[in-house]
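User: Please take a close look at one part of this protein, starting from a single residue and working outwards. I would like to see how its surroundings fit together, and then how they sit in the rest of the chain.

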Amino acid sequence: MDIKKIIVHPKMFHPDDIVGLAFLFFQFPHLRNVKLVRAIPYLDELSDPRVLVVDTGERYQPELNNFDHHQDKTLPCASTLLWRHFYPEETEQDRQIKRVMDVLFFRSIDRHDRGIAFAGGNAIGTAISAMNFLPDGFELAINYAELTLRALIAKQKEVLPVRNFWHKGNSFGGSRRLRLFDEYLPVSIRDKVIRYAEGRKKALFLLWPVSDDGKMYMLRTVNVGQTIPADKRQIDFDGMSAVYASKKDALSHALELAARKFEKDRYWYKIDSQVV
């Protein structure tokens with residue numbers, strides 16, 4: 001990316017221009033060494049693709065590296081325009097991260113920029129705006145926004161494979177307490193899938209095949225406060241998990257456990273001995 005100058009609007013900075021710059025520096029680290037000017041761009045600068053104009057200039061022309069939205073109310077904020085234009089889509093993971101971050105992060109920046117109040121507020125936007133009152137707030141705000149952006153993208157890279165695998169399963173027999181997978185649960189994400197289920201109370205038991213022929217199945221409890229009782233249908237058992245010689249045996253025991261009465265306390269569900 002051949003850029004000789006970056007221009008953002010003068011006076012007070014806002015979450016939109018700060019997040020836009022943070023994304024640019026995250027995606028193109030060499031741009032940190034490019035001259036950054038807080039001013040209104042001249043016409044010749046708007047016509048020069050080597051001048052990257054962010055949140056000012058009243059032009060949205062990606063081919064000329066002009067990224068403003070104030071001239072068109074139908075456009076999202078400048079940081080969203082930059083994100084959609086420059087974040088890569090080389091892999092399916094890239095495409096998923098791009099969609100998720102657009103909704104979970106950049107939409108809130110856009111709402112903050114438009115002065116739209118919504119439930120929970122916008123802690124990131126509020127923090128960035130407050131940094132206007134610090135002597136070196138502009139640089140601090142960019143660093144803060146970049147760190148936040150890095151953390152959120154890193155989180156999505158960690159969570160998306162887990163979420164994708166989760167959606168391959170189904171709540172067998174209509175029981176939300178049992179999640180059945182038709183393919184092997186890789187060791188590389190097994191603990192993450194278990195934490196995903198536990199943290200969101202998605203299920204109490206996970207069931208997946210553990211043999212190449214798809215006959216042997218493993219049943220795994222999700223919550224620490226719950227165990228799988230010993231049963232004659234099991235061929236291996238350690239309290240937290242059990243292996244069965246057939247899918248039929250695994251399912252029959254799993255559904256029996258899922259049908260039991262559970263009492264919810266503050267942290268997890270515990271098994272009651274009474275069967276409903």
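Analyst: T74 is exposed, because its relative accessible area is 68% and the cut-off for exposed is over 50%. The model is a predicted one, and the description below applies to that model. T74 sits in the loop that leads from β5 (66–67) to α3. The two ends of this loop give two directions to follow: the helix on one side and the strand on the other.

Take the helix first. Helix α3 covers residues 78–86, and its axis comes within 10 Å of the axis of helix α4, residues 92–114, with a crossing angle of roughly 170°. The two helices are therefore roughly antiparallel to each other. On the α3 side the contact is made by S79, T80, W83 and R84, and on the α4 side by I97, K98, M101, D102, F106 and I109. Sorted by type, the residues of this contact are five nonpolar, two polar and three charged.

One residue of the contact can be followed more closely. T80 belongs to helix α3. Is T80 buried or exposed? T80 is buried, since its relative accessible area is 2% and the cut-off for buried is under 20%. Setting aside neighbours within four places in sequence, T80 is in contact with D102 and F106. Both of these partners are among the α4 residues that make the helix contact.

Now take the strand side. In what order do the five strands of the sheet lie? The order is β2-β1-β3-β5-β4, in an open sheet with mixed pairing. The edges are taken by β2 (35–38) and β4 (60–61); each has a single partner strand, so one side of each has no neighbour in the sheet. As background, strands of a sheet pair through backbone hydrogen bonds, and the pairing can be parallel or antiparallel.

Moving across the sheet from the β2 edge, strand β1 (residues 5–8) pairs with β2 in the parallel sense, over four bridges. K5 has K35 as its bridge partner in β2. In the other direction β1 is joined to β3 by four bridges, and these strands also run parallel. Here K5 stands opposite V51 of β3. K5 can thus be used to trace a path from K35 in β2 to V51 in β3. The next step is from β3 to β5, which run parallel and are joined by two bridges. V54 has F67 as its bridge partner in β5.

Strand β3 also shows how side chains are arranged. In a regular strand the side chains alternate between the two faces of the sheet. In β3, V51 and V53 point one way while L52 and V54 point the other way, and all of them are buried.

Two loop residues of this region have a backbone feature to note. Most residues other than glycine have a negative phi. D55, in the loop between β3 (51–54) and β4, has a positive phi near 65°. N65, in the loop between β4 and β5, has a positive phi near 60°. D55 is buried, with a relative accessible area of 3%, and N65 is buried at 11%. T74, in the loop after β5, is by contrast exposed.

To place the region in the whole chain, compare T74 with P209. The two are 135 residues apart along the chain, and their C-alpha atoms are separated by 50 Å. P209 has Y217 as its bridge partner in β9. Strand β8 (residues 205–209) and strand β9 (residues 217–221) run antiparallel and are joined by five bridges. These strands lie in an open sheet of six, in the order β6-β7-β8-β9-β11-β10, with mixed pairing. Its edge strands are β6 (170–171) and β10 (234–237). Helix α8 (residues 247–258) packs on this sheet, touching β7 (178–180), β8, β9, β10 and β11 (241–244), and its direction makes about 155° with that of β7.

Over the whole protein chain there are eight helices and 13 strands. The radius of gyration is 26 Å, well over the 19 Å that the globule rule gives for 276 residues, so the chain is more spread out than a compact globule. The C-alpha atoms fill a box of roughly 80 × 40 × 30 Å along the principal axes. Buried residues make up 46% of the 276 residues.

Definitions and conventions:
Residues numbered from 1 in each chain as written. Predicted model: local features only at pLDDT ≥ 70, side-chain atom pairs only at ≥ 80, totals over all residues. Heavy atoms only, no water. Pairing = 2+ DSSP bridges. Axes fitted to C-alpha atoms, helices over the stretch in contact; angles between N-to-C directions. Parallel < 35°, antiparallel > 145°, perpendicular 65-115°, else oblique. Contact = heavy atoms within 4.5 Å. Nonpolar A, V, L, I, M, F, W, Y, C, P; charged D, E, K, R; others polar. Rg over C-alpha atoms; globule rule 2.2 N^0.38 Å. Buried < 20%, exposed > 50% of the residue type's maximum accessible area, 1.4 Å probe, protein only.
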